[in-house]
Amino acid sequence: RIRGNFMSWFKFASEDYKEKFFEKRTKEHIERVQKASKKIVEKFPELKGLEEQAKDHDKSKFSEPERTPYIEITWNKKQNSKEKPTKEMDEATLHHIKNNKHHPEYHNKDKANISTTNRDESIECIDASKMDDISIAEMIADWQAVTEEIKTNTAREWYKKVNNVRWKWTKKQNELIDKLLSTFE
């Protein structure tokens with residue numbers, strides 16, 4: 001009986017720790033995006049609307065249907081888990097990318113680029129040509145924030161990996177992306 005009570009407490013404590021980790025990590029990510037957004041606007045004042053848009057960056061992760069699955073997604077990333085994402089995780093990700101302007105899928109609601117086996121891989125190339133400049137700038141700030149967190153590549157390296165493979169932008173958009181990436185180089 002003591003072991004059962006301990007296991008219940010341990011599971012509760014473990015879930016509470018995961019949730020606190022998710023909140024801390026997500027808030028820090030948002031702060032990094034906002035810092036990167038400010039840096040972009042300092043260099044390119046014509047994108048002044050970016051700081052206002054970035055105030056709500058990833059806000060949807062704190063509410064359902066995203067919150068609970070993203071607690072697990074964040075924890076799995078921390079643990080370098082190779083577990084296949086659950087249906088709920090895929091649905092939360094789909095909801096997130098379809099409801100946040102800094103994701104190309106927001107601007108092309110008919111398509112989504114989610115691999116159910118590897119979240120960082122592409123299943124098809126999505127048309128991102130409808131993205132506006134402010135959303136592209138927030139996307140770049142997001143990429144920069146992630147690269148600062150994981151310290152394994154640069155935002156430009158990510159761009160080279162995904163351009164015309166995961167997402168396809170127009171020539172003008174690619175020029176903007178290149179210009180914005182230079183902010184961090």
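These are my notes on the nonpolar cores and one helix pair in a predicted model.

**Entry 1: the largest core.** I looked up the largest nonpolar core first and found that it has 29 residues. I then checked which members touch the most other members, and these are I40, I136, I140, W143, W169 and L180. Next I asked which helices supply at least two residues each; they are α1 (2-43), α5 (133-150), α6 (155-162) and α7 (171-181). With eight residues, α5 gives the most to this core.

**Entry 2: the second core.** I also found a second core, separate from the largest one, with six residues. Its members include Y70, I71, M89 and A92.

**Entry 3: I136.** I picked I136 for a closer look and left out its neighbours within four places in sequence. The contacts that remain are M131, W169, Q173, L176, I177 and L180.

**Entry 4: α5 against α7.** I noted that two packed helices are described by the angle between their axes and the distance between the axes. For α5 and α7, I have an angle of about 40 degrees and axes 10 Å apart. An angle of about 40 degrees therefore makes α5 oblique to α7. I recorded the crossing of these two helices, α5 and α7, as right-handed.

**Entry 5: residues where α5 meets α7.** On the α5 side I listed D133, I136, A137, M139, I140 and W143. On the α7 side I listed K172, Q173, L176, I177, L180 and L181. Sorting the contact of α5 with α7 by class, I got nine nonpolar, one polar and two charged residues.

Methods: Residues numbered from 1 in each chain as written. Predicted model: local features only at pLDDT ≥ 70, side-chain atom pairs only at ≥ 80, totals over all residues. Heavy atoms only, no water. Core = buried A, V, L, I, M, F, W, Y, C linked by side-chain atoms within 4.5 Å. Buried < 20%, exposed > 50% of the residue type's maximum accessible area, 1.4 Å probe, protein only. Helix = DSSP H or I, 4+ residues; strand = E, 2+ residues; numbered from the N terminus. Contact = heavy atoms within 4.5 Å. Axes fitted to C-alpha atoms, helices over the stretch in contact; angles between N-to-C directions. Parallel < 35°, antiparallel > 145°, perpendicular 65-115°, else oblique. Left-handed = near helix turned anticlockwise from the far one by under 90°. Nonpolar A, V, L, I, M, F, W, Y, C, P; charged D, E, K, R; others polar.
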